[in-house]
Amino acid sequence: MEVQGNAHIDKFWPIMIALFFGSFFSALASSTINIALPVLQDQFGTTLSTIQWVMTGFMLAMGTFAPVTGYFGERFSYKRLYVFSLIGFTAASVLCAMATTVVWLIVFRILQGVFCGVIVPSAMAVIYQVIPRAKQPMAIGIWSASAMLAPAIGPTLSGWILEHVSWHWIFWMNLPIGIIAVIMVQLFMPYYRMSVPKTFDLMGFVTVIVSSSSILVALSQGRSWGWSSASVLSLFTVGFVFLGLFIWRELTAETPLLNLRVFRNGRYTMALAISCILNIALYSGMLMTPIFLQTIQGVTPMDAGLILLPSSLAMAVSMPFVGKLYTKVGPRVLVICGLLLVTLGSLPLSWLSVNTSHSYLLWCMVARSLGIGLTMMPVSNYGMEQISRQMSGHASSINNWVRSAFGSFAIAVFTSIMASRSAVHGSELAASGIKDLKVLMMASTTMGINDVYLIATFVSLAAVPLAFFIRKHIKQGQPGGIETEAAVLKSKTAS
């Protein structure tokens, strides 16, 4: 059915309910694993560098497969792609629950990441293609809240499951939630198609997979294999060569897998740069704080989740309010204040000691989370505001591809820095006369975590100068939304 006039203005909340629930589901399944890493490491009798692949592999797959979203969304419709990815994510969760070795767990988590890499850009594309331009800041705020609310609940829920049941149920619980998410999307999300690509860019697909995986594997394994080893140098060489081929292919192909010409929009490029810097700072907290609480302070997984709960809730609750503030004060003030809060929250975390109080950690994490909440939605919407509706699918795919790649980069690099700096501090403490191995390990690991947070402080501070180039006043682009444009080929409440 072709859309006429304002026929779909009243569809805002049903669409947002569907997007909220689907995104909440994938984010919840992602966030519950962070706090379980020490337990999984002990359960499978493996090392931190190996078990980190449960997260790194997931992020790698997200970043690798996000670029295909634009093509498949245009080919089959974003509704069908969204439903398919939710079903695949649910099935992968079941396989994770049944994993008997750490290798199979990592493999199935990578499979989860493949589908999650499609869920996020699909939802983002729907917002910028279906929701009216005037309502997009509020829509992004609500949608972002789903991604932030899940981490608020995830660690506590994960801690309770680990303490009272078993790690398997972190994945089994996704089965009923996934079924509900699919039903909600099927009922409320409209079916529409804007254009159908002529061909599938197979060369682009192959080159982006090879380049992304090679570079990120090299980054992850650089410390254990040796940064100057033949394996790591070969992976970097292959990765950057194929990345160059991918860029060349996408700029010359008649129907590119990923239309890189969106980078011609300066607002989009700058906003993406700020988002990547913010992502690096974000993952330092997600990775280091649970390790500190459980490994150094001996806190149970559930208690660690409760300590982290207020910061995640602060981030989730702030998102819808930030969506309203965006139209009143503009993005510049919000982004600058947010980045400064992230910086001020990260710096005190570089002063941790073995006996640091939980309240100290809590308030630092709350400051960081509020800063991320103030920054994430405004910078994302600012970058997408002037992207045409036809290009928004590619822009959202690139956004999530690059951010996921930087997330994997942050996890790999921060883990490597923590391990290497802990070893250096351990040697220095041993030379100073400390003989107790337990005290030596706890003190050196804490100092290594402090070094990571100090780096994260400077990383977030580096984005502040960029934020001053954001325009104070919002200039609305094309009206957007399926209710105002006749380019949509089909629009139905169910496919």
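**Cysteines, salt bridges and a surface patch**

No disulfides were found in a search of the whole structure. The model is a predicted one. Two cysteines illustrate the result. The sulfur of Cys276 has its closest cysteine sulfur in Cys116, 17 Å away, which is too far for a bond. A disulfide would require the two sulfur atoms to lie within 2.5 Å. Cys276 is buried, at 5% relative accessibility. Cys364 is likewise in no disulfide. For Cys364, the nearest cysteine sulfur is that of Cys337, at 19 Å. Cys364 is buried, with a relative accessible area of 8%.

Three salt bridges are present in the structure. One joins the side chains of Arg249 and Asp201, with an N to O distance of 2.8 Å. This pair links distant parts of the chain, 48 residues apart. Arg249 belongs to helix H12 (residues 230-252). Asp201 sits in the loop between strand S1 (191-193) and helix H11 (202-225). The two partners differ in exposure: Arg249 is partly exposed at 26% relative accessibility, whereas Asp201 is buried at 1%.

A salt bridge also forms between Arg267 and Glu385. Their closest N and O atoms are 2.5 Å apart. Arg267 lies in helix H13 (residues 266-296), and Glu385 in the loop between helix H16 (358-384) and H17, so the contact ties together parts of the chain separated by 118 residues in sequence. Arg267 is buried, with 6% relative accessibility. Glu385 is buried too, at 2%.

Asp451 and Arg421 form another salt bridge, their side chains meeting at 2.9 Å, N to O. Asp451 is part of helix H18 (residues 437-462) and Arg421 is part of helix H17, so this pair ties together parts that are 30 residues apart in sequence. Asp451 counts as buried, with a relative accessible area of 18%. The cut-off for buried is under 20%. Arg421 is partly exposed, at 31%.

Helix H17, which holds Arg421, was examined further. The helix covers residues 392-431, a run of 40 residues. At 1.5 Å a residue, H17 should span 58 Å. Its end C-alpha atoms are 57 Å apart, in agreement with that expectation. Of the 40 residues of H17, 28 are buried, so the helix is largely enclosed by the rest of the structure. Arg421, being partly exposed, is not among the buried residues. Just after H17, Gly433 adopts a positive phi of about 115°.

A nonpolar patch was identified on the surface. The patch is formed by Ile17, Leu175, Ile179, Ile183, Leu187 and Phe188. Together these residues have about 510 Å² of accessible area. Helix H10 (residues 174-188) supplies the largest share, five residues. One of the patch residues in helix H10 is Leu175. Leu175 is partly exposed, with a relative accessible area of 34%. Patch membership requires over 30% relative accessible area, so Leu175 passes that cut-off.

How values were computed: Residues are numbered from 1 along each chain as its sequence is written. This is a predicted model: local features need pLDDT of at least 70, side-chain atom pairs count only at pLDDT 80 or more; totals for chains, interfaces and linings use all residues. Side-chain values use heavy atoms; hydrogens and water are left out. Buried means under 20% relative accessible area, exposed over 50%, partly exposed in between (1.4 Å probe, protein chains only). Patches are made of residues with over 30% relative accessible area and no salt bridge: like charges are joined within 9 Å, nonpolar side chains (Val, Leu, Ile, Met, Phe, Trp, Tyr) within 5 Å. Accessible areas come from the Shrake-Rupley method with a 1.4 Å probe; for residues, only the protein chains shown count as cover. A salt bridge is a side-chain nitrogen of Lys or Arg within 4 Å of a carboxyl oxygen of Asp or Glu. Helices (H or I, at least four residues) and strands (E, at least two) are DSSP runs, numbered from the N terminus. The expected span of a helix is 1.5 Å times one less than its number of residues.
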